[in-house]
Each structure stands twice: as C-alpha cells, then as structure tokens.
Amino acid sequence: MSWLDRQSFLGADSDTVLGARRVGIAGLGGGGSHVAQQFAHVGIGSFVLADPDAMEDTNLNRLVGGTRADVRRKTLKVDIAERVVKGIRRYAEVLKIADRWQTRGDLFKTCDVIVGGLDSVRAKDELEAFSRRHLIAYIDMGMDVHGAAGQHLIAGQVMLSSPGTPCLRCMGLVTDKLLEREAAKYGNAGGNPQVVWPNGVLASTAVGLAMQILTPWHPAPVETAFLEYDGNTGTITAGTRHAQSLGRPCPHYPDDERGDPGFDVRSPKPVEHAPARGLWARLSALLGLP
Amino acid sequence: MKTQIKFTRYLLDRARTDLRRPHAFAHERVGFFTAGAVTNGDMVLLLARSYAPVEDADYIYNPKVGATIGSDAMRKALQFAYRARSSLLHVHCHGGRGRPEFSGVDLDSGSEFVPGFFHAIPRMPHGMLVLSEDSATAKIRFDETKAGQYASGFTSVGAPLVKFGDRS
C-alpha cells in the first residue's frame, strides 16, 4: 500500500518514476507556490526552487503555505515552498536558490521539466532560452487583470514549450515590442493585480501538462500548448496563435544552438557540483514513503 | 567523467526510422548524430542537435559485417558536424528491446574511426552509439588517445519523457 495508490493509473511504476524526477520552479509567488505544492502531492522526488524574495503582507492573498508569521519573520519564499513540499513528501530533495534562478543554472540544467511563474516578459524569454539550450520542456504561466472598475477581466495563459515545438515567440507571448516596452520601465513588470483562484487554475493546468510529460498516463499527450484562461467565464481554450504556429519550424531556437557554445573538452571550465540526490530521497522512493 | 545523452523524441524516432530501412546489400544502416555539450559538475550532457543518414551510395559491399561505409561517408559526416562545432556520434541499430551491446567488430572499427573525429573538431567529445527499439548504449571519448567511456544514461525528451540505457 503506497500513499500514491489513488493515482496508480498514471503508470505501473509511476511512484518510482515520479520519485526519480526533478522539477525546477522559477518564481514562487501566487503561481509557483501552487505548483510546488501540487508537485509534492503527485510524488515528485526532487525540486529546484528559485525566488529571491521574502514573504510580504501583500503576498498573503495568494501565496500557498504563507502565513502571517512568515510576514513577520520575512521568511524567504523558497523556505516556505520547502516547508510545504516536505510537509507532504518528507524525504523530497529540495535545492533552494534564494536568488534569481540564473545564479544556479547548474541546478536547473538537471531538471526534467521547468515551470516559470515569472512576471516579466524578459524573465520568461530568458528561462525559455535556457530550457531550449538544455533540451528541457518549459511551462510558462501568467495572469493579469485588465480594465477599470466594474469592467475587470481576469485573463491568463499557460504555455508548454518543448524543444522542437513552437516557442513563446512563435506563439506571440514574447515579442520585441513587449520587451522594449518593459525595458522602458527598467524591467519592472510592476505590482500587477493578482488573486489566488486564477493562480490556482493556471498552476493546476501547468501541473497537468507536466504530468503528461512525466508519466505515460495520457493516450495522446501534448508536447506544445497555449491555453488561454478567461477568469470571467471560467473557461480555458486553445490560443489561436498556437494553431497558426503548429507545423512550422521554430526560427528562434535553431537545433544547432543546443549546448554551451563555449564548450571545449580540452580545457573544461570550472563548474559547480550539483548536489547528489539524497540517499533518503532514493530510499523513500523505493519504500513508497512520502 | 560521466556522460548523459539527450535527444528530442522526434530526432530519435527519425533516426530509428531511417536505420530500419533496408539497403540493397548492407545488412544494417549507419547514420550520425551531431550534439552540443554542457558540463554539470563531473557530468557532461550531450544534447543531440541533428541526424544525418549515410547515403546509399556510400556503403561498401562487405558480406562479413553488418555495414561498411566509405571515406566519403566519413567526410560528409565531419562536414555536417564541423559547421556548428558539434560532437559527432556514429550510430547504428541492433533492433530488439532492452539495452543493446556493441559487437567486437563495432568496438574495433570504432577505435579506428572515432579518434579521427578529433582531428576536425578537437574541442568536442565524440563517440559511437548503438540503438535498440527502446534503449541505447554509447561509448564517448573525450580525447582521441584515450579509450571511450560508456554513457551513463539517455533521455528522450517529449511526451512522455523517457529515460533509458542506465549504467550509473
């Protein structure tokens, strides 16, 4: 009897498979904190979590696991996420980066899937480029509230960008115009309105896409997706730009750009050692422990 | 130094489909993967970039072995890899399921031609790879003068993501 018995339809050995998988989450705010919690519930064994920020009172309306005590103590978001993950899956390996994810790219290189809960277009663009260069599927989440009083529209999207499929630029989420507009604001995406329930819908959708990649449960899994969320009607539909970009080679990330362009086997650069996966993490996967 | 090799599912499927095609006289087909590389701790990740089949006309009749390819095939493969300064991986398929092993002939011939890859692209690791229908084995050299090391595992990136050929 395993704590994951109720999800055995995910695959005959899905407990072991998920226990051996590593996910990266960049940004542990409203979206990323939900994703971390759900990945722990499904039994992911190893996490790379990155966020430079500490809990503030304005995060209390949506950050899963965050408490008033965390606001008082200025608890780092990575520490809150670790607490949530280990509260569910005690022996999960949690590699924390209380900084921008770029400072520990060596950890993100080893992920099987990367999820971005990042606000700025520039940050999304950079994380996708990194994922493409290292042959890792990237799932991007974003939400916004548009309009004025009485006319608010909650909208969001979840995009799956796998190597060899349309990228965020192909699907119109990242454009030079948006990057320029953001740069004019000095890269500050601003304190956009955010609420917990759309974050939850988008995070669940992102985890659903990740589970199609990590387990063989789905008869026709997707490797690319652009799902648009309308929070006013409560619907998720396929984005029109996605259909237009299907079947066309992605011109933004050529296959020949995979890997480190400066790689030279004759003079290997000094590299940081990625921590080995813990003995406890492996034992707990074998024993079916959370 | 350990090596892991990653492919997109599309590229791996393309190679397997190509290598299954019968040839007029060769018993098996040969192709080449190119790959980029990154280091991670004591690990090198080879990230497959492209696949190029050996053209029909570049096989040499030799009933004693599965396939023999001529110098033109090697030259074209090196040109193919040279453009983007890629690793070059000679690949053929043994069919069947489970982790395949190189034959003695594979290892002997590989020890002759793989060092030559370093003359064209000395900065990258090179090697040889054998596929089955669901797994693979590879020997990778980091130096033309040193023996190859078995890759510790493979990943097919797609939906679902599949890991195979583990030797860690």
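Here is a walk through this predicted model, taking chain A, then chain B, and then the place where they touch.

Let us start with chain A as a whole. Its secondary structure comes to 10 helices and 8 strands. Of its 290 residues, 47% count as buried. If you look at contacts in chain A between residues at least 6 apart in sequence, 70% of them join residues at least 24 apart.

Now find strand β2 of chain A, residues 46–50. Here 5 of the 5 residues are buried, so this strand is largely enclosed by the rest of the structure. Its side chains are shared between two directions: Ser46(A), Val48(A) and Ala50(A) point one way, while Phe47(A) and Leu49(A) point the other way. What lies alongside β2(A)? Strand β1 of chain A, residues 22–26, runs parallel to β2(A) and is joined to it by 5 bridges. To see one matching position, look for Ala26(A), which stands opposite Ala50(A).

Next, turn to two helices of chain A. Two packed helices are described by the angle between their axes and the distance between the axes. For helix α2 (residues 30–42) and helix α4 (residues 77–88) of chain A, the angle is about 20° and the axes are 8 Å apart. An angle under 35 degrees counts as roughly parallel, and that is why α2(A) is described as roughly parallel to α4(A). The crossing of α2(A) past α4(A) is right-handed. On the α2(A) side, the contact is made by Ser33(A), Ala36(A), Gln37(A), Ala40(A) and His41(A). Facing them from α4(A) are Ala81(A), Val84(A), Val85(A) and Ile88(A). Taken by class, the residues of this contact are 6 nonpolar and 3 polar, with no charged ones.

Chain B offers a sheet to explore. Strands of a sheet pair through backbone hydrogen bonds, either parallel or antiparallel. In chain B, 9 strands form an open sheet with mixed pairing, in the order β9-β8-β7-β6-β2-β3-β1-β10-β11. Its edge strands are β9 (149–150) and β11 (162–164), each of which pairs on one side only. At the β11(B) edge, strand β10 of chain B (residues 153–157) pairs with β11(B) in the antiparallel sense over 3 bridges. Within β11(B), Lys163(B) is the bridge partner of Thr155(B). Helix α2 of chain B (residues 71–82) packs on the sheet, where it touches β2, β3 and β6 (87–93) of chain B. The direction of this helix makes about 35° with that of β2(B).

Staying in chain B, look at the loop between β6 and α3 (104–120), where Phe102(B) is found. Is Phe102(B) buried or exposed? With 20 other C-beta atoms within 10 Å, Phe102(B) is buried. Leaving aside residues up to four places away in sequence, Phe102(B) touches Leu107(B), Val130(B), Thr137(B) and Lys139(B). Phe102(B) and Met128(B) are 26 residues apart in sequence, and their C-alpha atoms are 9.4 Å apart in space.

Finally, bring the two chains together. 25 residues of chain B are in contact with 33 residues of chain A. On the chain B side, the elements giving two or more residues are β1 (2–8), β2 (30–40) and β3 (43–53). Of these, β2(B) gives the most, with 5 residues. By class, this side of chain B has 14 nonpolar, 7 polar and 4 charged residues.

Key. Residues are numbered from 1 along each chain as its sequence is written. Chains are lettered from A and ligands numbered from 1 in the order in which they are written. This is a predicted model: local features need pLDDT of at least 70, side-chain atom pairs count only at pLDDT 80 or more; totals for chains, interfaces and linings use all residues. Two residues are in contact if their C-beta atoms, placed from the backbone, lie within 7 Å. Helices (H or I, at least four residues) and strands (E, at least two) are DSSP runs, numbered from the N terminus. Ala, Val, Leu, Ile, Met, Phe, Trp, Tyr, Cys and Pro count as nonpolar, Asp, Glu, Lys and Arg as charged, and the others, Gly among them, as polar. Axes are lines fitted to C-alpha atoms, for helices over the stretch in contact, and angles run from 0 to 180 degrees between N-to-C directions. Angles under 35 degrees count as roughly parallel, over 145 as roughly antiparallel, 65 to 115 as roughly perpendicular and the rest as oblique. A crossing is left-handed if the near helix is turned anticlockwise from the far one by less than a right angle, and right-handed if clockwise. Two strands pair if DSSP finds at least two bridges between them. A residue is buried if 20 or more other C-beta atoms lie within 10 Å of its own, exposed if 12 or fewer, and partly exposed in between; C-beta atoms are placed from the backbone.
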